[in-house]
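I set aside this page for notes on one model, taken in the order in which I looked things up. The entries are brief, and each keeps to what I could read off the structure.

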Amino acid sequence: MKKGVMRPGHVQIRVLDMDEAVKHYTDLMGLIETDRDDLGRVYLKAWTEVDKFSVVLREADEPGCDFMGFKVVNEEALVQLEKDLVAHGVVVEQVPEGELKDCGRRIRFTVASGHAFELYADKLYTGKWGVTEVNPEAWPRGLSGMKAVRFDHCLFYGPELAAVYDVFVNVLGFHLAEQVLDPEGTRIAQFLTVSMKEHDIAFIHHEEPGKFHHASFYLETWEDVLRAADLITMTDTSIDIGPTRHGLTHGKTIYFFDPSGNRNEVFCGGDYTYPDHKPVTWQAEQLGKAIFYHDRVLNERFLTVLT
Amino acid sequence: MGIGFQVTNRTTGDCFTCSEGQSVLKAMEQRGMKCVPVGCRGGGCGYCKIRVVEGEFECGKMSKAHAPPEAIEQGKVLACRIYPLTDLIIECLPPSAPGNTSEQTTTKALR
């Protein structure tokens with residue numbers, strides 16, 4: 001957080017059918033619908049999040065991710081980060097206050113991997129859903145499905161990881177928590193963080209730019225991940241892989257798809273990091289184990305099925 | 001059982017029954033067959049792209065990037081999003097086939 005970027009704030013996901021998507025993200029995953037706008041977008045949040053929304057769904061004829069946004073500590077930091085991005089040669093676009101409902105002005109930029117990101121300082125603070133601010137209960141009743149705790153991170157696939165690393169680490173103040181190196185020492189996967197979490201965002205090398213691998217949501221326990229698996233079966237939702245454990249991050253996980261084919265993850269656990277920690281390194285030769293710790297084999301679908 | 005449509009994959013020679021209202025991909029998976037690659041099952045990733053050579057079917061929503069209208073006209077569709085109305089003959093599409101817009105690029109650095 002040394003440059004003032006605080007945390008993942010939102011992700012805008014394109015879906016083919018809004019009604020199906022809303023049902024998936026609310027009934028199954030347990031997000032809460034908080035608003036809709038004139039463009040037909042639907043705003044959602046997980047119950048522990050303090051701001052009004054973290055997931056925005058937009059109906060389109062091609063699924064994928066429009067952008068991911070990070071919240072910065074204040075307007076001064078936003079002004080400085082904008083200057084730093086421009087000085088670094090990054091083209092910055094202004095998105096006015098209110099373009100997303102109850103969100104302050106955003107600055108948007110695209111990195112060399114082909115993915116768009118945003119920074120913003122203000123969003124309506126609505127507090128955690130279903131619990132009081134003072135003397136809060138442990139959790140709210142009335143949550144659905146997987147009862148996702150928070151939007152946690154995204155994984156993107158694209159080229160030019162070194163250039164992306166440069167922007168995220170040297171301009172935005174992220175810290176490299178984990179990486180995969182090929183035999184020549186080239187980084188082919190990078191897990192970056194502005195917090196103690198082992199990743200707030202991750203990139204894996206892929207020739208085609210701008211691909212979306214997954215949006216991930218945090219659950220508390222392994223039991224919750226197993227329960228998520230049961231719900232995936234009960235609802236006949238398209239499963240990818242799991243429940244299992246990652247080698248990278250050591251998180252316990254399950255992957256599945258939304259009705260438009262965007263991949264979702266719910267996970268628990270995972271390593272922590274501080275800025276004095278050296279990055280955890282996996283060798284590309286061990287990639288099977290790095291990705292799926294139990295199977296220990298490369299999973300074709302995980303590497304190639306993207307939106 | 002017995003009610004449904006026969007789907008024949010002429011590339012692999014596999015043949016399976018698809019119930020009314022069931023997608024071709026789901027029917028294939030349910031019968032433990034692997035003659036079409038399985039991706040997201042949601043019309044989004046383009047992984048299960050096939051060409052329908054013969055037969056009638058209905059289409060669900062598919063990503064325009066992988067199944068644009070002109071491809072659908074040529075029978076190039078996603079197996080996860082087609083529902084047979086008659087028996088079907090399908091064929092697999094090689095990833096580099098001309099006119100196949102799905103362009104499954106691979107993560108070569110990871111292999």
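**Entry 1, a valine in a loop.** I began with V91(A), which is exposed, its relative accessible area being 70%. Since the model is predicted, I take this, like everything below, as a computed value. I placed V91(A) in the loop of chain A that runs between α2 (75-87) and β6. Leaving aside residues up to four places away in sequence, I found that V91(A) touches R108(A), F109(A) and T110(A). I also looked up V111(A), which is 20 residues from V91(A) in sequence and 9.1 Å from it in space, taken from C-alpha to C-alpha.

**Entry 2, the sheet.** I next traced the sheet in chain A, where eight strands in the order β2-β3-β4-β1-β5-β8-β7-β6 form an open sheet with mixed pairing. Which strands stand at its edges? They are β2 (32-36) and β6 (93-95) of chain A, and because each has a single partner strand, one side of each is left without a neighbour in the sheet. From one strand to the next I noted an average twist of 25°. I then looked at one pairing within the sheet: β5 (residues 64-72) and β8 (residues 116-120) of chain A run parallel and are joined by four bridges. In this region K71(A) stands opposite Y120(A), a residue of β8(A). I also followed helix α1 (residues 18-28) of chain A, which packs on the sheet and touches β1 (5-15), β2, β3 (42-45) and β4 (55-59) of chain A, with its direction at about 160° to that of β4(A).

**Entry 3, salt bridges.** I turned to charged side chains, keeping in mind that those of opposite charge can pair when their charged atoms come close. The count over all chains comes to 28 salt bridges, and I went through three of them in chain A.

- I found K101(A) in a salt bridge with D35(A), with 3.2 Å between the closest N and O atoms. This pair links distant parts of the chain, 66 residues apart, for K101(A) is in the loop between β6 and β7 (106-110) of chain A and D35(A) is in strand β2 of chain A. I recorded K101(A) as partly exposed because its relative accessibility is 31%, which falls between the limits of 20% and 50%.
- I found E118(A) and R108(A) joined through their side chains in a salt bridge of 2.8 Å, N to O. Because E118(A) lies in strand β8 and R108(A) in strand β7 of chain A, the pair ties together parts that are ten residues apart in sequence. Are these two residues buried or exposed? Both E118(A) and R108(A) are buried.
- I found R301(A) in a salt bridge with D240(A), the closest N and O atoms lying 2.9 Å apart. Here too distant parts of the chain are linked, with R301(A) in helix α6 (residues 300-304) and D240(A) in strand β14 of chain A, 61 residues apart. Both R301(A) and D240(A) are buried.

Returning to R108(A) and E118(A), I noted that they belong to a network of salt bridges that links them with D37(A), R41(A), E99(A) and R106(A).

**Entry 4, backbone geometry.** I looked for unusual backbone angles and stopped at strand β14 (residues 239-245) of chain A, in which P243(A) lies. The peptide bond joining G242(A) and P243(A) is cis, with omega at about 0°. I then noted H250(A), a residue other than glycine whose phi is positive, near 60°. H250(A) has its place in the loop between β14 and β15 (252-257) of chain A, and with a relative accessible area of 28% it is partly exposed. In chain B I noted R41(B), which is not a glycine and yet has a positive phi of about 65°. R41(B) is in the loop between α1 (24-30) and β3 (49-54) of chain B, and its relative accessible area of 23% makes it partly exposed.

**Entry 5, a surface patch.** Which residues form a nonpolar patch on the surface? I listed M196(A), Y272(A) and Y274(A), which together have about 340 Å² of accessible area. Of these I looked further at Y272(A), which lies in the loop between β16 (263-268) and β17 (280-283) of chain A. Y272(A) counts as exposed because its relative accessibility is 54%, and the limit for that class is over 50%.

Technical notes:
Residues are numbered from 1 along each chain as its sequence is written. Chains are lettered from A and ligands numbered from 1 in the order in which they are written. This is a predicted model: local features need pLDDT of at least 70, side-chain atom pairs count only at pLDDT 80 or more; totals for chains, interfaces and linings use all residues. Side-chain values use heavy atoms; hydrogens and water are left out. Patches are made of residues with over 30% relative accessible area and no salt bridge: like charges are joined within 9 Å, nonpolar side chains (Val, Leu, Ile, Met, Phe, Trp, Tyr) within 5 Å. Accessible areas come from the Shrake-Rupley method with a 1.4 Å probe; for residues, only the protein chains shown count as cover. A salt bridge is a side-chain nitrogen of Lys or Arg within 4 Å of a carboxyl oxygen of Asp or Glu. Buried means under 20% relative accessible area, exposed over 50%, partly exposed in between (1.4 Å probe, protein chains only). Two strands pair if DSSP finds at least two bridges between them. Axes are lines fitted to C-alpha atoms, for helices over the stretch in contact, and angles run from 0 to 180 degrees between N-to-C directions. Contact means heavy atoms within 4.5 Å.
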